[in-house]
Amino acid sequence: MTTTPTQAVHWDLHYDIHLGATWSRFMDGLRDRKILANVCPSCDRVFVPPQAYCESCFERTDRWVELPPEGSLEVFTVAWHGFRGGPTPPYAIGGIRLDGASTLLMHWVIGLDFTEPTTLLAQLPAGSRVRAVWAPQRTGQILDIAHFEPDRD
Amino acid sequence: MPYRAAVVGAGITDATSPRKQQLSAVELCQQATWAALDHAGTTPDTLDGVVVGNIDGFEGTVLGARNLTRALGLGADLPVTIINTGGTTGGNLMQVAARMVRSGSHARVLCLGGPTFFGVRDLQSAINTNSPMIIEQPLGMGAYHMGAFAANAYRQRYGLTPEDLAAVVVADHEKASRNPHAHLRYTVTEDEVVNGRPLSSPLTQPMVCPVSAAAVAMIVADADDVDDLRSTPALIRAMGMSSDPYLGGGKGDFAEMQNLATLARRVYALADVRDPAAEFDVVEIFAPYAHMQPMQLEALQLAPPGGGVELIRSGATSAGGSLPTNLSGGPKCTNAGVAGELAPYAYAALQVMGAAPEPIQVPGARRALAHGTGGTFFQFENLAIFEALPRSDA
């Protein structure tokens, strides 16, 4: 076995990202348990998270709507294997179509039985109804929604 | 179009795991560069530009490409253009070089892709930093986690089994076993793939590309100024790029590759391709995960919706089939970052130049399709069509 000479390099850097007016309004909404979206005046698509411009029409999206905290789970994956600095596996990440939204909102999904890995898709098939669960302490960030849980009613 | 651009030389180093690699990134890039120059039959003094790429965060420096080019020993006065489009960096190198040549501002440009994943110890953590900050990054997604969304959506849409995904992997490994430059050159069974270590459902470790160390270089030149060269040029007949929204949630449908389908229609029209399945002699597509190749074949109109796996199982995409695809073994078996993304272009060009490694050469290949993709949730796509340009002096 030959050795491969390497030497370690380490980065540990912190950044402050400016949210801007559009995402600040969205984050303020989350603090108040509201999911705010905005609408393209040209194509009427509803964006959540909101975006300042429509990427298709290049129009300013200045009309705001509140979406219900419920929708359909279109797709998800269970991360069995995480990575350094990431959440502790297993965890499920889903793409959720909130009722009235044109885009998917990515978030954690709970309620899966991870001891039955071969039945994951059957447990939450495409289109399953899910509902946002609010974090008890909300500080204006995406994890003010703790996760989405299956709406089994 | 004032000038036509062609690939006139390509160099691909043998690939290894990072652990076994004895050469530095610069040394691997030198090997690939000199192999490309040798293939073309020319010397560095005929080059008038370099297009090179890096991916921030993957290499422990944001100046990787700048320093790399300086150290190649090509001369002091070569202008360098640096591409940094995340996972599509390699796929975009030739697109940029070809635009430079077509515009007439440059006549002979080196495209260089190095081993970008080569040193990063926490690759999935680094990739998570490329996932959209604030909104999606806190959820914890590396590359294969993002890939898995499409795998599950595609499986559900068409009722595909884990064995169906495994069949794609079996075929890729069989092809890679015959490519001397490939990294994973062993064959696998469907059982081994299905029962591999689960990574992110439904993907198991064997369904996901390795981290490889290799370099790839290509020379893109004025197609009508090749008298001093010895290769058969691969004319870049048509090419294009397309992008989805940045946020993963902006994708319309994870079960089909709409962005690639749109790009394919555009690029096929440029090359007057009307019956794609019948008009390509060989295809190289960037399919690092098991579900991607069948989905891409469908988006490229090479298989009907939901029919990609069946096409692969039929042998049509294997050597000797009607649509040889990823005879290199593809990125599923060799993925060296920017080099890995440039590789489909290099292999496709080499095929129509008649200069692919002998065990994977498609006899008489005249028209090839090359593809790249990457970025968050594979938001960027790029495509090119190569045609053999027989030399008038041959």
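# A predicted two-chain model, feature by feature

Biologist: B:Gln301 is partly exposed. How many other C-beta atoms lie within 10 Å of its own?

Modeller: A residue is buried if 20 or more other C-beta atoms, placed from the backbone, lie within 10 Å of its own, exposed if 12 or fewer, and partly exposed in between. B:Gln301 falls in that middle class because its count is 15.

Biologist: What is the mean pLDDT of chain B?

Modeller: This is a predicted model: local features need pLDDT (the predictor's confidence in each residue, from 0 to 100) of at least 70, side-chain atom pairs count only at pLDDT 80 or more, and totals for chains, interfaces and linings use all residues. Residues are numbered from 1 along each chain as its sequence is written, while chains are lettered from A and ligands numbered from 1 in the order in which they are written. In chain B, 99% of residues reach 70 or more, and the mean is 94.

Biologist: What ipTM does the predictor give the complex?

Modeller: Two scores are given for the complex. The pTM is 0.96 and the ipTM is 0.93.

Biologist: How many residues of chain A are in contact with chain B?

Modeller: Contact here is geometric: the two C-beta atoms, placed from the backbone, lie within 7 Å. Chain B brings 34 residues to the contact. On chain A the number is 37.

Biologist: Which element gives the largest share of the side of chain B that touches chain A?

Modeller: Elements are DSSP runs numbered from the N terminus: helices are H or I with at least four residues, strands E with at least two. On that side of chain B, α4 (123-128), α5 (143-158) and β5 (198-200) each supply at least two residues. The largest share, six residues, comes from α5(B).

Biologist: How many charged residues are on that side of chain B?

Modeller: Ala, Val, Leu, Ile, Met, Phe, Trp, Tyr, Cys and Pro count as nonpolar, Asp, Glu, Lys and Arg as charged, and the others, Gly among them, as polar. The side of chain B that touches chain A has 14 nonpolar and 16 polar residues. The charged ones number four.

Biologist: Which feature does UniProt place at residues 258-378 of chain B?

Modeller: The span is 42% helix and 9% strand, with its end C-alpha atoms 12 Å apart. UniProt positions are in the numbering used here, feature names are shortened, and annotations may be inferred rather than shown by experiment. The unreviewed entry calls the feature "domain: Thiolase C-terminal".

Biologist: How far apart are the end C-alpha atoms of residues 6-183 of chain B?

Modeller: UniProt, in an unreviewed entry, marks these residues "domain: Thiolase N-terminal". The chain there is 42% helix and 12% strand. Its end C-alpha atoms are separated by 28 Å.

Biologist: What share of residues 64-134 of chain A is strand?

Modeller: The unreviewed UniProt entry labels this span "domain: ChsH2 C-terminal OB-fold". Its end C-alpha atoms are 21 Å apart. Helix takes 6%, and strand 48%.

Biologist: On which residue is the kink in α13(B) centred?

Modeller: Helix α13 (residues 338-353) of chain B has 16 residues and reaches 23 Å from first C-alpha to last, close to the 22 Å expected (1.5 Å times one less than the number of residues). It is largely enclosed by the rest of the structure, because 16 of its 16 residues are buried. The bend, the angle between axes fitted to the seven residues ending at a residue and the seven starting there, is about 30° and centred on B:Pro344.

Biologist: Which residue follows α13(B)?

Modeller: The residue after the helix has a positive phi, near 70°. It is B:Gly354.

Biologist: What is the C-alpha separation of B:Asn84 and B:Asn54?

Modeller: B:Asn84 sits in the loop between β3 and α3 (89-103) of chain B. Leaving out residues up to four places away in sequence, its contacts include B:Gly53 and B:Asn54. B:Asn84 and B:Asn54 are 30 residues apart along the chain, yet their C-alpha atoms are separated by 5.6 Å.

Biologist: Which residue does a cis peptide bond join to B:Ser201?

Modeller: The omega of this bond is about 5°. The partner lies in the loop between β5 and β6 (203-204) of chain B. It is B:Pro202.

Biologist: What is the phi of A:Arg33?

Modeller: A:Arg33 lies in the loop between α1 (20-31) and β1 (35-39) of chain A. It is not a glycine, yet its phi is positive, about 60°.
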